[in-house]
Amino acid sequence: SNTTNTHKIRREARLYIEFARFEARQKEYERARLIYQYALGLFTRSQAAGLYHSYAQFERQHGNAETI
């Protein structure tokens, strides 16, 4: 069903968020950025708003003029 698919997408998006946050905690910022960018290619903003929000927050904290 559509609801089941939505939950699956959100669960998968959360895994990418946690993976990227883990890398950022290890100060592996470029690796975290690549994980976010890969995941952003998998989900639309409407499917995974939390992912987009988390990536924006990451870039505000760790980005530079080129990445923000």
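**Note on a predicted three-helix chain**

1. Residues 24 or more positions apart supply 43% of the chain's contacts (heavy atoms within 4.5 Å) with a separation of 6 or more. The model is predicted: local features need pLDDT of at least 70 and side-chain atom pairs pLDDT 80 or more, while totals for chains, interfaces and linings use all residues. Residues are numbered from 1 along each chain as its sequence is written, and side-chain values use heavy atoms, without hydrogens or water.

2. The chain has three helices and zero strands (DSSP runs of H or I with at least four residues, or of E with at least two, numbered from the N terminus). Its pattern along the sequence is α-α-α. Along the principal axes, the C-alpha atoms fill a box of roughly 40 × 20 × 15 Å.

3. Of the 68 residues, 29% count as buried (under 20% relative accessible area, 1.4 Å probe, protein chains only). The chain exposes about 4900 Å² (Shrake-Rupley method, 1.4 Å probe), of which carbon and sulfur atoms supply 51%.

4. The largest pocket (an open set of points on a 1 Å grid over the protein atoms alone, with protein on both sides within 12 Å along at least five of seven lines) has a volume of about 150 Å³, taken as the space filled by probe spheres set on the points. Helices H1 (2-25), H2 (29-40) and H3 (49-62) each give two or more residues to its lining. H3 gives the most, with five.

5. Lining residues (an atom within 4 Å of a point) of the largest pocket include Arg-21, Arg-25, Tyr-29, Tyr-36, Phe-58 and His-62. By class, the lining has four nonpolar, four polar and two charged residues.

Methods. On a 1 Å grid over the protein atoms alone, a cavity is a set of points where a 1.4 Å probe fits but cannot get out, and a pocket is an open set with protein on both sides within 12 Å along at least five of seven lines; lining residues have an atom within 4 Å of a point. Ala, Val, Leu, Ile, Met, Phe, Trp, Tyr, Cys and Pro count as nonpolar, Asp, Glu, Lys and Arg as charged, and the others, Gly among them, as polar. Buried means under 20% relative accessible area, exposed over 50%, partly exposed in between (1.4 Å probe, protein chains only).
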